[in-house]
Amino acid sequence: MSSGASGLILGIETSCDETAAAVVRRGTEILSNTVASQIPVHSPYGGVVPELASREHLRNILPVVRAALAEAGVAYEDLDAVAVTEGPGLAGALLVGISFAKSLAFALGKPLIAVNHLEGHIHAVLLEEVLRTAPEGASRQGDRAGLTLALVVSGGHTHLYLAEFDTEAGAWTYRNVGRTVDDAAGEAFDKVAKLLGLGYPGGPWIDALAPHGNPEAVPFSFSQIKAKVHRRGEPGALDPAEAIYFSFSGIKTAMLRYTQVYEMGASIEARRAALAGLADAKPADALPLCDRRTLDLIASFQRSVVDDLRRKTFRAAERFGAERVMVSGGVAANRELRVRFTAEAPERHLPIAFPSLALATDNAAMIAAAAWPKFVAGDFAAEGLTAEPSLRLGSGGLHG
Ligand code: KG4
Ligand code: ZN
């Protein structure tokens, strides 16, 4: 199918704890990007509660879609297609978005496009890049793209992909060349913040407090990580010896041990109680509640995680001959990560790109953008589309 009359795609994203809808024209122009966050709902539990997430998505989906259309000044009939995240994510949460998108597409008689959430995160960067570099009127993604190494780093994922635009097929292809063997990096931020009596999600709290501590105070070491699980025989399967592996559960345990050795338990509980007593606690409220040792620990943790991500990402770029690097997902919002990746890139002669802050964490503009090449190629969802909680992206056979 050739590109549609309006080029307008409504994106819907409900894979985790954000109900999001957006209208994007031709994969590059964001007309609206609405996100209803569930942070206050899950905050008291220090993590996402799946049942509550589904309930909140049900409550929010229609108002969020309406708001996205209203902000874009677009009517349902103007849309060319509806795109929705099919996975990976929480089954019940995904199903709310999928059922809604299916009914809407059916009622409107428009095509439905299924998008992998991880591909969405990669398109959060591509979307803006096309905006920055495309000549007037250009609508083809990837025209300028060489072989790209993408680090997708969020609360649920730490993956390295080689991404390339296949001009003949008009589609992006992905090869998985790295992954975590245990926790995702964002999960480590969240768990460590919880351990230290800080708020949820932990990333923004640690990001805000780390500059007040000494990042070299506590030396954490990432031991040599061996691949525990790997598959062979899949198309494009990677030799495990070539793949890059992350592990973030060790540093979490080291942090716990540190707080025990230095008997930080009482001060952690005091901080937790003080923050719980505030109506809408922010990272700035935690600063006066943290002593030097705590701030140094936070700064050292962040430095270790960021440097491990940085070292392995650039190692992968070299190993696989990538022409540029991009970082996306919630952890890509981290300021120290941006600074340290940006400092290294020129030394490696590699361009580097991040999404803007609004597009780093979960949103639907990235889903609508990833759907555009699929729309142009006529790659529509089957009638039986359903949630795929453990959906993988691309070839490589690395997923455990
Ligand atoms: O991409 P995302 O919104 O959802 C998932 O797909 O998981 O990522 C959320 C994750 C959380 O773990 C959160 O703590 C982390 O991203 N995060 C950050 C920052 N902002 C969000 N981590 C470090 N620094 C930040 N500034
Ligand atoms: Zn995400």
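Why are arginine 59 and glutamate 56 separated by about one helical turn? They sit three residues apart in helix H2 (residues 50-72), so about one turn lies between them. That pair opens the views below.

All views come from a predicted model, in which local features need pLDDT of at least 70 and side-chain atom pairs count only at pLDDT 80 or more, while totals for chains, interfaces and linings use all residues. Residues are numbered from 1 along each chain as its sequence is written, chains are lettered from A and ligands numbered from 1 in the order in which they are written, and side-chain values use heavy atoms, with hydrogens and water left out.

**View 1. Arginine 59 and glutamate 56 form a salt bridge.** The closest N and O atoms of the two are 3.5 Å apart. A salt bridge here is a side-chain nitrogen of Lys or Arg within 4 Å of a carboxyl oxygen of Asp or Glu, and the structure holds 20 of these bridges. The two partners differ in burial: arginine 59 is exposed, with a relative accessible area of 51%, whereas glutamate 56 counts as buried at 8%. (Buried is under 20% relative accessible area, exposed is over 50%, and partly exposed is in between, using a 1.4 Å probe and protein chains only.) Helices are DSSP runs of H or I with at least four residues, strands are runs of E with at least two, and both are numbered from the N terminus.

**View 2. Glutamate 187 pairs up with lysine 191 in helix H5.** Helix H5 covers residues 185-195, and the two residues lie four places apart, about one turn of the helix. Their closest N and O atoms are 3.1 Å apart. Glutamate 187 is partly exposed at 25% relative accessible area, and lysine 191 is partly exposed too, at 33%.

**View 3. Aspartate 307 forms a salt bridge with arginine 340.** The closest N and O atoms are 2.8 Å apart. This pair links distant parts of the chain: aspartate 307 is in helix H10 (residues 292-319) and arginine 340 in helix H11 (residues 335-347), 33 residues apart. Aspartate 307 is buried, with a relative accessible area of 10%, while arginine 340 is partly exposed at 25%. Zoom out a bit and there's a network of salt bridges linking Asp307, Arg310, Glu318, Arg340, Glu344 and Arg348.

**View 4. Aspartate 308, also in helix H10, is buried.** Its relative accessible area is 3%. Leaving aside neighbours within four places in sequence, aspartate 308 is in contact (heavy atoms within 4.5 Å) with Phe222, Phe246 and Phe248. Isoleucine 244 is 64 residues from aspartate 308 in sequence, yet their C-alpha atoms are 11 Å apart in space.

**View 5. Helix H6 has a set of buried residues.** In this helix (residues 202-209), Gly202, Trp205, Ile206, Asp207 and Leu209 are buried. What do the buried residues of H6 pack against? Their partners are H5, helix H8 (265-276), helix H9 (283-286), H10 and H11.

**View 6. Three residues coordinate the zinc ion (ligand 2).** These are His117 and His121, each through NE2, and Asp362 through OD, at 2.0 to 2.2 Å. Donors are N, O and S atoms within 2.8 Å of the metal (3.2 Å for Na, K and Ca), and since water is not among the atoms, sites may look incomplete. The four donor atoms around the zinc ion subtend angles of 94 to 144°, which makes the arrangement irregular. (Four donors would be tetrahedral with all angles between 85 and 135 degrees; four are square planar and six octahedral if opposite donors are over 155 degrees apart and all others between 65 and 115; anything else is irregular.) Along the chain, the donors follow the spacing H-x3-H-x240-D. Histidine 117 in helix H4 (residues 117-133) and aspartate 362 in the loop between helix H12 (357-360) and helix H13 (365-377) link distant parts of the chain, 245 residues apart. Both histidine 117 and aspartate 362 are buried.

**View 7. Glutamate 13 is buried yet has no salt bridge.** This residue lies in strand S1 (residues 8-13). The nearest side chain of opposite charge, lysine 374, is 13 Å away; Lys and Arg count as positive and Asp and Glu as negative, with His and the chain ends not counted. Among the residues that glutamate 13 touches are the zinc ligands His117 and Asp362, along with Glu18, Asn363 and Ile367, not counting residues up to four places away in sequence. The side chain of glutamate 13 also makes a polar contact with that of threonine 85, at 2.6 Å. (A polar contact is a pair of N or O atoms within 3.5 Å; within protein, one must be able to donate a hydrogen and the other to accept it, and residues adjacent in sequence count only if both atoms are side-chain atoms.)
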